Amino acid sequence: MKQRILFALLAVALVPAAAGAVGIGAGAYLGTSTPVLNEGAKSGVIYGVRAPVSLAPMLVVEPYYAQSALGDVDETFGGSSYTRSGPDVKTFGANAIFSFGEGVKFYPLVGIGSTKIEQTGSEDITDTSLNFGLGLGVPFMGKFMADVRAELNSVITGDTSRKFGNFTAGVSYALFE
């Protein structure tokens, strides 16, 4: 239910903004996701899509979907060794990007989302996630932009949180400018 409410709020917020937006784009990315202070998983692949909406020359709102499959770990319990499957993590949300520079762009970003963590042998977790990071975008071939990002994503699970360090590379295309 929380996911539907968050998605509806994002849609309501972005529809009027997109009508008067400076630009709307679409992009995809791929990278690596590493659990932080969590021995129950190893690094894995992260991929997803983004839809940057330029509201002003220095402000971009970016709805996104991300999915990652973290690596399995070998654990020993009671003298027996077994392999525990890494979790699958699915997130959708929106980032606020504060872009600096002409041409090549450097940008900090902050975001909020809804994350679902599924792992065999554990109860599924669906909670709010917060992220922040830094990125670098390089335009090429007119309407294309290649970017690299380093982000820290924190899924708030009651009194604790699950954290993931993400490093991604992607390409976006400006649909409307």
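Partly exposed means a relative accessible area between the buried limit of 20% and the exposed limit of 50%. Lys90, at 31% relative accessibility, therefore counts as partly exposed. The model is predicted. Its protein chain holds one helix and 11 strands. The briefing covers the fold, a nonpolar patch, the largest pocket and the salt bridges.

**Fold and surface**

- Along the sequence, the pattern of the protein chain is α-β-β-β-β-β-β-β-β-β-β-β. The helix precedes the strands in that pattern.
- The protein chain has 177 residues, and 37% of them count as buried.
- Take the contacts in the protein chain with a separation of 6 or more: 54% of them join residues 24 or more positions apart.
- The accessible surface of the protein chain is about 9800 Å². Carbon and sulfur atoms hold 66% of that surface.

**Nonpolar patch**

- A nonpolar surface patch covers about 1100 Å².
- Phenylalanines in the patch are Phe98, Phe100, Phe106, Phe132 and Phe167. Val104, Val110, Val138 and Val148 also belong to the patch, as do Leu134, Leu136 and Met58.
- Strand E8 (105-118) and strand E9 (125-140) each give the patch at least two residues. E9 contributes the most, with four residues.
- Met58 sits in the loop between strand E3 (53-56) and strand E4 (59-71).
- Met58 has a relative accessible area of 45%, so this residue is partly exposed.

**Largest pocket**

- The largest pocket has a volume of about 720 Å³. Its lining counts 34 residues, of which Ser54, Val60, Lys105, Met145 and Ser172 are the closest to the centre.
- Several strands supply at least two lining residues each, among them strand E1 (23-36), strand E10 (144-157) and strand E11 (160-176). E3, E4, E8 and E9 also do so.
- E11 provides the largest share of the lining, six residues.
- E8 and E9 thus appear in two places: each supplies at least two residues of the nonpolar patch, and each supplies at least two residues of the pocket lining.

**Salt bridges around Glu118**

- Side chains of opposite charge can pair when their charged atoms come close.
- The whole structure contains seven salt bridges.
- Glu118 and Lys90 form a salt bridge through their side chains, at 3.8 Å from N to O. This pair links distant parts of the chain, with Glu118 in strand E8 and Lys90 in strand E7 (residues 88-98), 28 residues apart.
- Glu118 also forms a salt bridge with Lys116, at 3.5 Å from N to O.
- Glu118 has 26% relative accessibility, so this residue counts as partly exposed.
- Lys116 is partly exposed too, because its relative accessible area is 29%.

**Salt-bridge network**

- Arg50, Glu62, Asp147, Arg149 and Glu151 are linked in a network of salt bridges.
- Within the network, the side chains of Asp147 and Arg149 form a salt bridge at 3.9 Å, N to O.
- Asp147 and Arg149 are both buried, whereas Glu118 is partly exposed and Lys90 is partly exposed.

How values were computed
Residues numbered from 1 in each chain as written. Predicted model: local features only at pLDDT ≥ 70, side-chain atom pairs only at ≥ 80, totals over all residues. Heavy atoms only, no water. Buried < 20%, exposed > 50% of the residue type's maximum accessible area, 1.4 Å probe, protein only. Contact = heavy atoms within 4.5 Å. Areas by Shrake-Rupley, 256 points an atom, 1.4 Å probe, with all protein chains shown as cover. Patch = residues over 30% accessible without salt bridge, like charges linked within 9 Å, V, L, I, M, F, W, Y side chains within 5 Å. Salt bridge = Lys/Arg side-chain N within 4 Å of Asp/Glu carboxyl O. 1 Å grid on protein atoms, 1.4 Å probe; cavity = no way out; pocket = protein on both sides within 12 Å on 5 of 7 lines; lining within 4 Å. Points joined across faces, edges and corners; volume = space filled by probe spheres on them.
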